[in-house]
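Got your viewer open? Let's take a walk through this one, stop by stop, with something to select at each.

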Amino acid sequence: MTNHVVLFEPEIPENTGNIARTCAGTDTVLHLIEPLGFKLNDKSMKRSGLDYWDHVKLIKHDSLQDFLETLPEDAEMYLISKFSSIKHTDPDYTDPNKDYYFVFGKETTGLPETFMRQHFDHNLRIPMSDNIRSFNLANSVAIVLFEALRQQDFPHMETSHHYENDKLKDDYNRPGRYHRNI
């Protein structure tokens, strides 16, 4: 089972850099569908991804059709859209024999309507109030991806780690150190 984040014609380099960092930290494959609204060596995108670019599994596609032709037959593809009525928490993402592809549209116009209609039953929505039109793309990716990872019990990810100066585990900061009688 592998998770994939697919960005259709992303426009804002900082969003893509942030998403790349999330993909590196979650062992998720990142797909970029051309045309991009920036160059891959954009300084803002590189800075957003910090020094994690070596850990990003990046695949570029010339078009949406090119991407679709690479999908394995048994892949589960979900389109993230504010127009759907199916919550992103509703599907089951736990089949170990499937790869999960989460497709996100460009920041200004989303995904093409005809594409969304062709995959009507696989459009998902992140619940939100009517105070806004949409969430930030990088935040949306994290919300959907971490729901899938939660259902999958965070495969290949540390759920605990001990740091040399761990604020919660070392003797210096144990509860009781600052105990006062009040």
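**The lay of the land**

Among contacts in the protein chain with a separation of 6 or more, 78% are between residues 24 or more positions apart. Keep in mind that this is a predicted model. Colour by secondary structure and you should find five helices and six strands. Going along the sequence, they come in the order β-α-β-α-β-α-β-β-α-β-α. Of the 182 residues in the chain, 38% are buried. Switch on the surface if you like: the chain exposes about 11,400 Å², with carbon and sulfur atoms supplying 48% of that.

**Stop 1: an aromatic cluster**

Select Tyr78, Tyr93, Tyr100 and Phe102, which form one aromatic cluster. The whole structure has five aromatic pairs. One of them is Tyr78 with Tyr93, an edge-to-face pair with 5.6 Å from centre to centre and 90 degrees between the planes. Tyr78 sits in strand 4 (residues 76-80) and Tyr93 in the loop between strand 4 and strand 5 (100-104), so this pair ties together parts that are 15 residues apart in sequence. Are these two rings buried or exposed? Tyr78 is buried, at 6% relative accessibility, and Tyr93 is buried too, at 0%.

**Stop 2: from Tyr93 to helix 5**

Keep Tyr93 on screen and add Glu147, which touches Tyr93 as well as His88 and Thr89, leaving aside residues up to four places away in sequence. Glu147 belongs to helix 5 (residues 137-151). With 10% relative accessibility, Glu147 counts as buried. Now show the side chain of Arg150: a polar contact of 2.8 Å joins it to the side chain of Glu147.

**Stop 3: the start of strand 4**

Next, pick Ala75, in the loop between helix 3 (64-70) and strand 4. Ala75 has a relative accessible area of 18%, and since buried means under 20%, Ala75 counts as buried. Which residues does Ala75 touch, not counting those up to four places away in sequence? They are Asp99 and Tyr101. Put a distance label between the C-alpha atoms of Ala75 and Lys98 and it should read 5.6 Å, although the two are 23 residues apart along the chain.

Lys98 also has a salt bridge with Glu76, at 2.8 Å from N to O. That pair links distant parts of the chain, with Glu76 in strand 4 and Lys98 in the loop between strand 4 and strand 5, 22 residues apart. Glu76 is buried at 16% relative accessibility, whereas Lys98 is partly exposed at 24%.

**Stop 4: two more salt bridges**

A search of the whole structure turns up seven salt bridges. Select Lys106 and Glu9 for one of them, where the closest N and O atoms are 2.9 Å apart. Lys106 is in the loop between strand 5 and helix 4 (113-118) and Glu9 in the loop between strand 1 (3-8) and helix 1 (13-26), so the bridge ties together parts 97 residues apart in sequence. Glu9 is buried, at 16%.

Then jump to Lys60 and Glu34, whose closest N and O atoms are 3.5 Å apart in another salt bridge. Here strand 3 (residues 57-61) holds Lys60 and the loop between strand 2 (29-33) and helix 2 (43-49) holds Glu34, so parts 26 residues apart in sequence are tied together. Lys60 is partly exposed at 46%, and Glu34 is partly exposed at 24%.

**Last stop: a patch on the surface**

Finish with Ile132, Phe135 and Ile143, which make a nonpolar surface patch of about 220 Å². Phe135 lies in the loop between strand 6 (123-124) and helix 5 and is partly exposed, with a relative accessible area of 34%.

Definitions and conventions: Residues numbered from 1 in each chain as written. Predicted model: local features only at pLDDT ≥ 70, side-chain atom pairs only at ≥ 80, totals over all residues. Heavy atoms only, no water. Helix = DSSP H or I, 4+ residues; strand = E, 2+ residues; numbered from the N terminus. Buried < 20%, exposed > 50% of the residue type's maximum accessible area, 1.4 Å probe, protein only. Polar contact = N/O pair within 3.5 Å; in protein donor to acceptor, adjacent residues only side chain to side chain. Contact = heavy atoms within 4.5 Å. Phe/Tyr/Trp six-rings, centres within 6.5 Å; stacked < 30°, edge-to-face > 60°. Patch = residues over 30% accessible without salt bridge, like charges linked within 9 Å, V, L, I, M, F, W, Y side chains within 5 Å. Areas by Shrake-Rupley, 256 points an atom, 1.4 Å probe, with all protein chains shown as cover. Salt bridge = Lys/Arg side-chain N within 4 Å of Asp/Glu carboxyl O.
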